[in-house]
Amino acid sequence: MALGTVVGVGATQAGVSSLSRVAVYVPGGSVRLSDPYDLEVVARHAGPATTRRGLMALVVLAVAALAAVLGCLYARTAGADWLLMFLAGLGAFAAVTATYHLAVRLTGPRRFRV
């Protein structure tokens, strides 16, 4: 099957899962109905970044950098050597960015390429 975008999922009728269909928009302007097990997801479609989302990414980057610096400073005041200071900063940075990536994934577009 050609590369396309899922545009709808048909509900099952009376609990019969063999009657469910997936509507796929394919290049050329047509929509094909296909069985769910015939599709293979190859990528999520991501829309262009908006100004608001770009600004939010910069704010998260600044907060993550601040958290990394604070993590390093707190580790140093606790008497840690350079490796533990580095790992504390890296952990703080990773915690902030992982939270942002999770939020983006949960609130992102729901369209899939198949």
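Helices (H or I, at least four residues) and strands (E, at least two) are DSSP runs here, numbered from the N terminus. With that in hand, colour the protein chain by secondary structure: two helices and five strands show up, in the order β-β-β-β-α-α-β along the sequence.

Before you click further, bear in mind that this is a predicted model, where local features need pLDDT of at least 70, side-chain atom pairs count only at pLDDT 80 or more, and totals for chains, interfaces and linings use all residues. Residues are numbered from 1 along each chain as its sequence is written, and side-chain values use heavy atoms, with hydrogens and water left out.

**Stop 1: the whole chain.** Of its 114 residues, 20% count as buried (under 20% relative accessible area; exposed is over 50% and partly exposed lies in between, with a 1.4 Å probe and protein chains only). Now turn to contacts, meaning heavy atoms within 4.5 Å. Among those with a separation of 6 or more, 54% come from residues 24 or more positions apart.

**Stop 2: the helix pair.** Select residues 51-77 for α1 and 82-107 for α2; their axes come within 7 Å and cross at roughly 155 degrees. Those axes are lines fitted to C-alpha atoms, for helices over the stretch in contact, and the angles run from 0 to 180 degrees between N-to-C directions. The two helices are therefore roughly antiparallel to each other, a label for angles over 145 degrees (under 35 is roughly parallel, 65 to 115 roughly perpendicular, the rest oblique). What sort of residues make up the contact of α1 with α2? That contact divides into 19 nonpolar, four polar and two charged residues, with Ala, Val, Leu, Ile, Met, Phe, Trp, Tyr, Cys and Pro as nonpolar, Asp, Glu, Lys and Arg as charged, and the others, Gly among them, as polar.

**Stop 3: α2 by itself.** This helix has 26 residues and reaches 38 Å from its first C-alpha to its last, close to the 38 Å expected at 1.5 Å a residue (1.5 Å times one less than the number of residues). Show G89, A92, T97 and Y100 as sticks: these are the buried residues of α2, and what covers them includes α1.

**Stop 4: A62.** Hop over to α1, where A62 sits. At 49% relative accessibility, A62 is partly exposed. Draw a C-alpha distance to F93, 31 residues apart along the chain, and you get 9.8 Å.

**Stop 5: S34.** Finish in strand β3 (residues 30-34), home of S34. Buried or exposed, is S34? S34 is buried, at 6% relative accessible area. Its C-alpha lies 9.7 Å from that of V9, 25 residues apart along the chain.
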